[in-house]
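Got your viewer open? Grab the mouse, and we'll go from stop to stop, selecting as we go.

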Amino acid sequence: MKEDYIMTLVSRQNIEGEREEIEMTALADFEGSEDDYFISYTDEEGDLAGCVTTLHVENGNRVTMTRDGDYSSHMIIEKNVRHVSQNVTPYGMLAFGISALEVDSRVKDGNGTLQFKYTTDVDMHPLGEIEFNITLRQRNN
């Protein structure tokens, strides 16, 4: 990765009544146009340390999040569509239902914001909501 961008990510989740907020800043790679782009970054700490996450945004309304490493996953977050995602977790392989509540992409030339919020379930049993707010800006070398 070239890591020519600085990404700030705020993640909020409310899973079965337990709330958690995580904020991180990472160097990231950006490729594409405002309608179809990729953001890739490596987690530096916590359970996901060393995992490479890639976000693929299509048409401003669909986000495919792929994570490679000890905790791998492949999720599609798309408004008005429920997708099922296979994830490797500390508890083994789990299948989650993912239903987007919001996808808002305002990225142009690698600068801007991406926000998405979704609900998650296991076997149609609701678990909670997860929200990502990402700010991306080109790095000044």
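Let's start with a word you'll meet at nearly every stop: buried means under 20% relative accessible area, exposed means over 50%, and partly exposed is in between (1.4 Å probe, protein chains only). The areas themselves come from the Shrake-Rupley method with a 1.4 Å probe, and for residues only the protein chains shown count as cover.

Keep in mind that this is a predicted model, where local features need pLDDT of at least 70, side-chain atom pairs count only at pLDDT 80 or more, and totals for chains, interfaces and linings use all residues. Residues are numbered from 1 along each chain as its sequence is written, and side-chain values use heavy atoms, with hydrogens and water left out.

**Stop one: a set of salt bridges**

Select Glu78 first. With a relative accessible area of 18%, Glu78 is buried. Now add Arg62: the two side chains meet in a salt bridge, 3.1 Å from N to O. That term means a side-chain nitrogen of Lys or Arg within 4 Å of a carboxyl oxygen of Asp or Glu. Glu78 sits in strand 6 (residues 73-78) and Arg62 in strand 5 (residues 62-68), so the pair ties together parts that are 16 residues apart in sequence. Strands here (E, at least two residues) and helices (H or I, at least four) are DSSP runs, numbered from the N terminus.

Keep Arg62 on screen and add Glu58. Their side chains also meet in a salt bridge, at 3.2 Å from N to O. Arg62 is partly exposed, with a relative accessible area of 24%, and Glu58 is partly exposed too, at 23%.

Why might such pairs form? Side chains of opposite charge can pair when their charged atoms come close.

How many salt bridges does a search of the whole structure find? The count is 6. For another one, select Arg12 and Glu21, whose side chains meet at 3.1 Å, N to O. Add Glu131 and you have a network of salt bridges linking Arg12, Glu21 and Glu131. Arg12 counts as partly exposed, at 34% relative accessibility.

**Stop two: strand 1**

Next, pick Asn14, which lies in strand 1 (residues 5-15). It counts as partly exposed, at 24% relative accessibility. Which residues does Asn14 touch, not counting those up to four places away in sequence? Look for Arg19, Leu127, Gly128 and Glu129. Touching, or contact, means heavy atoms within 4.5 Å. For a longer view, draw a line from Asn14 to Ala95: they are 81 residues apart in sequence and 18 Å apart in space, C-alpha to C-alpha.

**Stop three: strands 3 and 4**

Select Tyr41 in strand 3. Is Tyr41 buried or exposed? At 2% relative accessibility, it counts as buried. From the C-alpha of Tyr41 to that of Ala95, 54 residues apart along the chain, the separation is 24 Å.

Now go to Thr54, in strand 4 (residues 52-58). Thr54 is partly exposed, with a relative accessible area of 23%. Join its C-alpha to that of Ser40: these residues are 14 apart along the chain, and the atoms are separated by 4.3 Å. Leaving out residues up to four places away in sequence, Thr54 touches Phe38, Ile39, Ser40, Thr64, Met65 and Thr66.

**Stop four: strand 8 and the loop after it**

Click on Val107 in strand 8 (residues 92-108). Val107 counts as buried, at 3% relative accessibility. Beyond its neighbours within four places in sequence, it is in contact with Phe30, Glu34, Tyr37, Gly112, Thr113 and Leu114. Take Tyr37 from that list: it is 70 residues from Val107 in sequence, yet 8.9 Å away in space, C-alpha to C-alpha.

Move along to Asp109, in the loop between strand 8 and strand 9 (111-122). Asp109 counts as exposed, at 59% relative accessibility. Its phi is near 55 degrees, a positive value in a residue other than glycine. Most residues other than glycine have a negative phi.

**Last stop: another loop**

Finish at Asp123, in the loop between strand 9 and strand 10 (125-138). Here, too, phi is positive, near 50 degrees. At 73% relative accessibility, Asp123 counts as exposed.
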